[in-house]
Structures are given as structure tokens and as C-alpha cells.
Amino acid sequence: MKKRILIANRGEIAIRIIRSAHKLGLLAVVFQSDKEPDALYLKYADEIIPAHDLLLDKPIFLDMERILSLAVEHQIDMIHPGYGFLSENPDFAALCEAHQINFIGPSPQLIRDMGLKTVAKSMAIKTGLPLVPGSDGPVPDAATAKVFADKIGYPVILKASAGGGGRGMRIVEKPETIERNFKSASDEALAAFGNGDMFVEKYLQNPKHLEFQILGDKYGNVIHLGERECSLQRKHQKILEEAPSASVTPEMRQQMGEMAVRFAKSIGYYSAGTIEYIMDEDGSYFFMEMNTRIQVEHPVTEIITGVDLVDWQIRVALNEKLTLKQEDIKINGWAIECRVNTEDPQNRFSPQTGFIDKIHFPVGDNIRIETGVQSGSIVTPYFDSMIAKIIVHGDNRSDVIEKTLKALYEFSLIGLKTTVPFCRTVLQHPDFVNATYTTRWVGHVYKPEMLENEEDELIAALTATIMYASEYLQLSSDVPTYKNDTLNVWVLNKRLNY
Amino acid sequence: MGTSYIYKRDASRLFIALRENGKRYKIYIPKDSKPVINGIEKDIDFIEQEDFHYSFDWHGKRFHCELVSRDQNKAIIKVNGVEYRFSIESIFSYIRRGMINNLEKQLNDNNIIAPMPGKIVDIFLSEGDLVNEGEPILILEAMKMQNEITATCNGVIRKIRVQSGQSVMKDELLVDINSIDV
């Protein structure tokens, strides 16, 4: 009998996982949430479990007790959590284990450890991963903070141990202001979190975000599949990723990759995972954290290595041995992923909800589309605004930039605004072309006016005029002074609806 | 006569599209040929139109347009995913507004006066017509010679003050033209 895999997720990633499940001869089961009962992924599944989550306070994908009880009821063998939702929730992984359901991912303990930054960092130190220089713990007072800051160099960032959301956080540019900043940040943290403990860290002004893809099995084999650069972010969310990174030399790749593998081995990691690094302008890099899930941007790695990461996640969960060796992994060309989010890049990336009247994706041998929607789909406010990904493969970086831009011009969506124009702007900007962009790009460089261009503006003027004209010409046909032929303006053999 | 000129008589096909940032497009949509934008014919092909969506091809590129919202003569148009706001005016209301804003003197500088005494033998245009700079408006016969009197600007014929067969004095006002080049 076929094994039954439940996908505790929705959208494009559900479809992506179903594809791997089918390839491996598994039966794919999904939930039908009442929040989007006509979702596209339902069409690809072998079996649908109605979630009846309309009146519940959270959608099924976040409701671990319900997921498990329905999974047991439907004789599920394995659960793939996708990304987001419960994918990095150790309690969920543990609950699966307790119900003898195979959770596709690493062990609950590994998820828990990697989820706690302090634990992950102390484990990273043991294997010699470089960390951002800092106090490695709370400092008692401003004077001690200054001693650290003087040692690691300015600017530094003061962070509240209990902090979050920017509160209790200060960037200090020079020694004279550290005392004042320490006091105000500490007071703020005390007021907000009831804990005024502060630590000091070097502040990287223009960092790049790099991450190494790891794949391991349950027998201690771990390989890395090179890096991705995900420096292009807005609101700390990635929006365009590439692999490999132009900022990583082959020597660095080997070094950073080996470090990542050593770390993963030292903690007994298995399944797919990602080691995140932050890189300073001078090329020095530091360990940030490890993600224990499949990532949104995994396709760029798949494209340049030819390795199917979701297949391997499932095979590792089924106790298969990793047959790939590090020396088998070759990087072939360059790949870029553009996320299609229904957000308005002209207005602070505010989310857009409503109907997708019509959506058209580019087609080509070098183009991979992952989508959770089609023409007629509804984008609801209940879930993430990412509706699709456009992934393009090129021979080298400049080739892939050109091909991606062409692909984005072939994309069209009628009904909602998306991040596609933003991605087009990025691909044409010198900072991206020269690969000097950093995580601060959107905040420091990007302006909505950069989305505009003169050709589009002229076409917009023409369109507005045609729409107005078709009405105006008809209205004025009663005015005797001017000749009025029937409405047959150039366009207009095609007939307007007026 | 007049076929090589860009503007083809019908002034009701000429519009001004004004963007909120002050940028202005003069758009002429002739009956049978391509649109003329800021005095230049553009090789823009109209591909399809469905409800409030239009697509055009222009030098090998496809442009997807969508009407986002519309309020009187103001419209928001989305082109390739980016929104642009325009207000549209007919050339008549644009000229009217121009005159209110004290542009009358400038506009009247383009009026046609008789360069010599003579007789009007033919008038090619009517009031309200759109005329091109250098396009003949009428023929004035003087000393047995027929002189073509041409427009000194692109504009709209506001008033024709003479009739065919009428004799005129030197410097007599023949035709009022509102320039559209302002």
C-alpha cells in the first residue's frame, strides 16, 4: 500500500511537495481550509481533508492538535510541514513523533535548539563558527559596555536581552554617546519587558545575507549545496534571491561550506537545513542562525545543483542514505528567484487582497514557475501575500539577469499589484548588477519613483486618453460645431464598450 | 491637400494628458492612423482590449494596461504593474483654461492677418479645425497672383473672419488661431 503523506501547508509549497510525493510514489493528502476553499493546491492532491476551520480562531495550518487528530483519523504516515506555520515548531515535531507519524524534518530537539539563538550560537562557537563580535551576554553597566565597544570598534549596537521589535535597541556611532544611549535603551527595555539587561554587538552597517544549503541523512552524512544570496529584503523579508553569490569566491565557498557541514555534523543534523551568515563589507562573515525547514528560495539551489531538495527531505525521513557526495555537487550557471507577492511597491509594500482576474506567467526552458494561484483565484487576508515564484536559470550572472528581466516583462497580472515591477527595477539597478547590494538597499536606496519609466508613462497617458476619448467623442456628437465621425479612433476598430 | 500633415482637421481627437507631477502629453488620436504624441506619430500597435484592460505593442515590447480607477476626467492607469495618475482634457477646455490664465496674448500672436490687400479666393478649413504649422488655410489673390496663406503654428481655428470672394485690406484680421504648441 502506498504511504500517505500529509502536507500541513498550502499555496505553492503544497503543490511543490505534492510533486515530490508523486515522484516517490506516495499518496498526497492536504487540508482544505474554509479560509480558501477553492485554493489551487487542492486540485493536485490525491485526497482532501476538510478542515472545518471557519469558526476556529486559527487556520488549520497552525492548529497542531487538530492536525494530529485528523492525521491519525486519516491514517497518515508522514507529515511535511513546508515553510512557515508549524515548520519550525519543536512541539509540533514532537507531537508527530508521539503519534508515530513521521515528521519530515530534523528531530524536535534540533528544531528547539536552533530556534533559541543563544543555544544555537553557543553550539556554533564549539565548532569554531565565527560570531559577530560582542559581549556574548548581558553587560552590567554603561562603562562595561564601553569597554566592549572600544575593543570591537564602532559603530556598535546595544540590544536588550529581552528585546524585540526594535525596542531597547540603539546604534552607537561614537564612544561619547554610548553612556547616554545605554541608559535610554536600558530604561526602555525595563519599561517594555521588565528587564533592563543589555548586550553589545558590532553593528554591521551594510551587511549581506548569505546562506548555505545543507543536506544530511540519519547516518551522519552531511553535504552542502553552495550558498544563496538573499540580501534583497524589505521589512526583513526576502524578496529576490540568487545562487550562487557574486560575493563568495570559490575559496570562501569551500571554507564557509565546510564550516556549515562541520557544524551540522557536530549537532547530528539530518534533513534539509540552512546555515545563515551575515557578511560585512570587508568580506568577513559571521554565523547568524540555522533554519531547520525547507526554504522558500530552495529552487535556486536546486536549479544550479540539479539536486531535488524536497525529494531528499522525504527520502531522509524514510531512513534512506544520502547517496550524494560533496564532490558530486557542481554549480552549474546562475539562478535568480523573484517572489511574486501581492503587495504594492509604490506604497510601502502594503498587502493587496482580492481577485486575480487574470494571471499570465512567462514560459521557457530556463524558467521555473512555482505558483499557488491561477486566473480567478482570490487572495485573502488570512495568509501570506506570496502567491508565486519565478525562477530563472542562466549561464552566468549577467545572462541570468537579462533572462529574468525578460521573463518578468512577460508576466502579467490583472486585478492586483505585485512585487514584479520592484524586481524588474532591482535587476536593472547598478547596485544589483554590480552585486554590491546589501540588506539595507530597500531602506536606503529604493524609492517608488524608481519603478517608473518614460515608456510606461507615455503608454499610461495614451491609455487614459483613449478611455476618456471614447466617452468624450460620443458625448460631443450632439455638439453641432465640430465634425463627429462615428467612434472609430484608431484603437477603435476593435470597438469600445461605450 | 493636407494628407502629409500630422493633425487631420478633427480637433475633438486632440487631448492633453496631465500627470500629477506636472508632466504633460499632447495626444492626438486620428481616425485611421497611429497616435500622435507630443507632435510625433508613434508606432504603437493596439493589440487587444477587454473591459478595462488594454495591451499595446511598441518597438517589440508588450505593454499591459489596466484602468485602476476613474473619477470624471481623472484616471489611474496601471502599466506593467506600476500605477500612473493622469487627468485628461479636451483641447477645447485646455485652450479655454489657458485663456483664463492670461495666455490670450500669446495665443493671439498666432492669428493670421492679410500681408497685402487682395481678394479671398478659397478657404480650405472651417472653424474648429485642427491645423498644422505651414498648412495652407486660404488663398489670397493680389496683383493677379494667388498667395497661399499658411498657419504659423499648430492650432485650432477659432474664427474665420472672411468669406470666399471677399476683398480685404492689408493687415486685416483673417483667421483667429489658438496655438496648441503652448
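Student: How many residues does each chain bring to the contact between chain A and chain B?

Tutor: In this predicted model, chain B gives 40 residues and chain A gives 36 residues to the contact, where two residues are in contact if their C-beta atoms, placed from the backbone, lie within 7 Å. Local features here need pLDDT of at least 70 and side-chain atom pairs count only at pLDDT 80 or more, whereas totals for chains, interfaces and linings use all residues. Residues are numbered from 1 along each chain as its sequence is written, and chains are lettered from A and ligands numbered from 1 in the order in which they are written.

Student: Which element supplies the largest share of the side of chain B that touches chain A?

Tutor: That share, six residues, belongs to E10(B), a strand spanning 82-90; strands (E, at least two residues) and helices (H or I, at least four) are DSSP runs, numbered from the N terminus. By class, this side of chain B holds 24 nonpolar, ten polar and six charged residues, with Ala, Val, Leu, Ile, Met, Phe, Trp, Tyr, Cys and Pro counted as nonpolar, Asp, Glu, Lys and Arg as charged, and the others, Gly among them, as polar.

Student: How many residues are in the largest nonpolar core, and which touch the most other members?

Tutor: In soluble globular proteins, nonpolar side chains tend to be buried together. A nonpolar core is a set of buried Ala, Val, Leu, Ile, Met, Phe, Trp, Tyr and Cys residues joined through C-beta atoms within 7 Å, and buried means that 20 or more other C-beta atoms lie within 10 Å of a residue's own, the C-beta atoms being placed from the backbone. The largest core here has 93 residues, and Ala260(A) is one of those touching the most other members. Not counting residues up to four places away in sequence, Ala260(A) touches Phe212(A), Ile214(A), His224(A) and Ile275(A). Another core, of 55 residues, lies apart from the largest one and includes Leu473(A) and Leu14(B).

Student: In which sense do E14(B) and E15(B) pair, and over how many bridges?

Tutor: In a regular strand the side chains alternate between the two faces of the sheet. E14(B) and E15(B) (residues 145-150) are antiparallel over six bridges, pairing being called if DSSP finds at least two bridges between two strands. Ile139(B) stands opposite Glu148(B) in E15(B), and in the hairpin of these strands, with two residues between them, Met143(B) takes a positive phi near 50 degrees. E14(B) (residues 136-142) is also joined by four bridges to E12(B) (residues 118-123), again antiparallel.

Technical notes: A residue is buried if 20 or more other C-beta atoms lie within 10 Å of its own, exposed if 12 or fewer, and partly exposed in between; C-beta atoms are placed from the backbone.
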